[in-house]
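Colleague: I would like a close look at one helix and how it is packed. Please go on from there to the other local features of the backbone.

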Amino acid sequence: MNAEHIATSEKEECWVPNILAFACNWCSYAGADLAGVSRLQYPPTVKILRVMCSSRVEPSFILKALKDGADGVLIAGCHIGDCHYIDGNKNAEVRINNTKKALAKLGLDKRLRLEWISASEGLRFSEVIKDFTEEIKKLGANPVKARNEPQINADERRLNASVKASAANVQGSE
Amino acid sequence: MSDNKSTENKGTVAKDNEEKRIGVFVCECGVNIGGVVNTKAVAEYIGTLPGVKVTSVNKFTCSDSGQADIQQKIKEHNLNRIVVAACSPKTHEPTFRACIEEMGLNQYFLEFVNIRDHCSWIHMWEKEKATEKAKDLVRMGVERSKLLEPLQASEVPVIDKALVIGAGVAGMQSALDLADMGFQVYLVEKEPSIGGRMARFDKVFPTNDCSICILGPKMVEVARNKNIQIMSYSEVKAVEGYVGNFNVKIEHKPRYLDVAKCTGCAKCSEVCPVEVPYDFNEGFGTRKAIYVPFPQAVPLRAVIDMENCISCKACAKACESKAINYDMKPSYTDLNVGVIIGAVGFKTYDPEPRHDFGYGLYDNVITAMEFERLLNAAGPTGGHVVRPSDCKEPIRVGFVNCVGSRDKNTNIYCSGVCCMVTIKNAQLLKEKRPETDQTIMYIDIRTPFRGYEESYNRSRNLGVKFLRGRPVEVKEDPVTKNIKVRVEDTLAGEIRNLEFDLMVLATGIVPNEGIGKIQQLLKLSKAADGLLMEAHPKLKPVDTTIDGVFLAGCASGPKDIPYAVSQGSACAGRATILLKNKKAITEGITAVVNPDVCVGCEVCIPMCPFQAIMMDERTGKANVMKALCKGCGTCVAACPTGALEQSHFKNDQLLAQVKNVFRFQEVAA
């Protein structure tokens, strides 16, 4: 193994993805707490942002995060049927799936994940983070953050409009 | 989008002209945080951020001195936003909210950053990276704190009535305590009689007093108490509302007889020609299709088991008070209560499907609950312990502990009570028939509470044998039906072949069907073991994450009787705080409409799970009813114009965090 090779592999090792996780207050945030209490070690790639319900997460938050440097965005909520707000997580599912479709146009859909993690699933929380980190590592750094600002803003506006429109359609049909 | 713009041009920051003076308090939590994260470096970095007037590192920020430090710095530096970087807001946010409120700051001016559970504890071996992450997390909090707005927690009235679900010993204790304090209690039980599992035990450890003799009077006391309304043979079907005002729908299953007329004389049972296995005796012996659950039942009323009834109408002819009514339908009651106590109990592990230790294959392998009924004077054999294959009295009896507990193939947890159950059962048999020979095969003997170790010693003195080891092979002798066991005696270090006339399995405590039902109805959390989760395992053992809902007994983990009774009383005590104050404080976090922006598109209305949004017919704009709004933010995310906002989780507040996740300023610079 030559020195150059070692340097590259070290470089690859060193690159740490940036993941933003929106966790619902009742299940997933508590699940992340339990992972901590149980001292389940997982890579320092994720920063958790608390929302009351996974359905609070707007597509624009996800786009903003991807634009500002997130390599991956995780939305974590209660399991279907366990939502503290009856069925907020079902609304979240519709929104995230629509956002995923819109992101597919930019080739960013694999960087968005929706997971159900309960308050007792500390182990699952850590496993999800490990798995998502590995997946993002394979994808590499988010290409959008390297692109210029005006282009992204235009993309963002276009995406915002299409996501809102598709979300409204789904709501209308329900 | 409007919300994006507002953060980017920093318009919102300048919205109220007051200068933001932020104090950041980094907690070391002993070594929990300080041992991993370089807290001083975090504080130093955060101190360079605009708006941060003072930073402080404390060994324990939640301690008296830590809180005094916050209060002193608020005074000294005239702070108006406080960021605490410590453990989880789920446990400690209320502490610091109260702390800053004492200094005249609105409690919602606190931003809580979790650098323990979400940082130091999960990156224990990556100290530098953990420190960098902590800096990012605190920076996110600082930026969000600048945009926090004052809110008022609201008060809701509490109806001074309680619902207790489950009338086992824990539920009965809750009901009695609340009733004795003068509150109206509805006690709902799915079985035809109250009493729960304890009514089935023969004698209870460590004192070996007769179970029904101590429970029976309590059951009568419950029935006699004017403040308790027993709803037996009933189930909770729906729960709506919130702390202080739960609307509960109760279904009363049909007993097919008029409870007011029935006297419990059981003449109907005498004439009934149908015999089915008697569930109260764990399937030993039979009962009739119309039956009184057991002699001490409360209410002492018969019930028809329609699944097995052949409609011969013999009971109707025999009933002197003409109580029988075959056409009875389920009836419903709607209740309004302020608090709910869930004491839905447990069931014992069923070894049948896996045929653990030959159970279900060999007649002479039975469970401890079955053995309990055989010991009982009111049981199927009148208290004579006989073995099922030939109804002979066994001499050599083997007991196997930890069946369905401490086993990765079934349940990993320890059920806590089975050691004592086995010790007690062996003692009782020895006392009844000293010629018998008992061997207890165990993994560990666990006798942690008062009188338990003494009871264990007593059984050793009586001659009960203890063998440390788990049977590896269990076979039935085809002729004698004796049970042949191969077991490694791990203390002696040898394999032993033993033969028993009867073998008893100490089956563990597992969740029953009621647990799943109330979990869904009350929106509770279930733990990995399938049992319900308390709000905090140590400091809030009977509270749940749902305000006004409490848990007692085995629904939240295996417990013995004194523990379950204590929890019953604890629930009553916790519930009384709400019932007596007649009010509860609820979070000020709700959805808010900006009428200037709302276009009345009504997208939000079907989104709300609580029907809290209505159209104001006069203005044509959406209107959020605060008392109904739970503050989930579903509608906010759906609003196409940005007219809806979730207080304390406003778009700009959340986006301030998003924007600062990745060292945005440094990247930009």
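Modeller: What follows starts with one helix and then moves to a sheet, some unusual backbone sites and the other chain. Please keep in mind that this is a predicted model.

The helix is α4 of chain B, residues 89-102. Its 14 residues reach 19 Å from the first C-alpha to the last, close to the 20 Å expected at 1.5 Å a residue. Its buried residues are Pro89(B), Glu93(B), Phe96(B), Arg97(B), Cys99(B) and Ile100(B). Seen down the axis of α4(B), these buried residues fall within an arc of 160 degrees, so they line one face of the helix. Pro94(B) and Glu102(B), on the other side of α4(B), are exposed. The cover over the buried residues comes from both chains: it includes α2 (28-37) and β2 (46-51) of chain A, along with α3 (64-77), β3 (81-86) and β4 (110-114) of chain B. After α4(B) comes Gly104(B), with a positive phi near 85 degrees.

A second helix of chain B, α12 (residues 418-432), contains Thr422(B). Thr422(B) counts as buried because its relative accessibility is 2%, and the cut-off for buried is under 20%. Apart from neighbours within four places in sequence, Thr422(B) is in contact with Phe399(B), Asn401(B), Ile440(B) and Ala506(B).

Next, the sheet. Chain B has an open sheet of 3 strands in the order β11-β12-β17, with antiparallel pairing. Its edge strands, β11 (234-242) and β17 (331-337), each pair on one side only. From one strand to the next, the twist averages 20 degrees. Between β11(B) and β12 (residues 245-252) of chain B there are 8 bridges. One bridge pairs Tyr242(B) with Asn245(B), the latter in β12(B).

The loop that leads from β10 (228-231) to β11 of chain B holds Tyr233(B). This residue is not a glycine, yet its phi is positive, about 55 degrees. Most residues other than glycine have a negative phi, and most peptide bonds are trans. Tyr233(B) counts as buried, because its relative accessibility is 17%. Glu602(B) is another residue other than glycine with a positive phi, near 70 degrees. Glu602(B) lies in the loop between β31 (591-593) and α16 (604-607) of chain B. With a relative accessible area of 43%, Glu602(B) is partly exposed.

Chain B also has cis peptide bonds. One joins Phe205(B) and Pro206(B), with omega about -5 degrees; Pro206(B) sits in the loop between β8 (203-204) and β9 (209-210). Another runs from Val298(B) to Pro299(B), with omega near -5 degrees. Pro299(B) is in the loop between β15 (290-291) and β16 (303-304) of chain B.

Finally, chain A, which supplies part of the cover for α4(B). Chain A has 6 helices and 4 strands, and from the N terminus on they run α-β-α-β-α-β-α-β-α-α. Of its 174 residues, 55% count as buried. Among contacts in chain A with a separation of 6 or more, 81% are between residues 24 or more positions apart. Chain A exposes about 7,100 Å², of which carbon and sulfur atoms supply 54%.

Note on methods:
Residues numbered from 1 in each chain as written. Chains lettered and ligands numbered in written order. Predicted model: local features only at pLDDT ≥ 70, side-chain atom pairs only at ≥ 80, totals over all residues. Heavy atoms only, no water. Pairing = 2+ DSSP bridges. Helix = DSSP H or I, 4+ residues; strand = E, 2+ residues; numbered from the N terminus. Axes fitted to C-alpha atoms, helices over the stretch in contact; angles between N-to-C directions. Buried < 20%, exposed > 50% of the residue type's maximum accessible area, 1.4 Å probe, protein only. Contact = heavy atoms within 4.5 Å. Expected span 1.5 Å × (residues − 1). Arc of directions from axis to C-beta. Areas by Shrake-Rupley, 256 points an atom, 1.4 Å probe, with all protein chains shown as cover.
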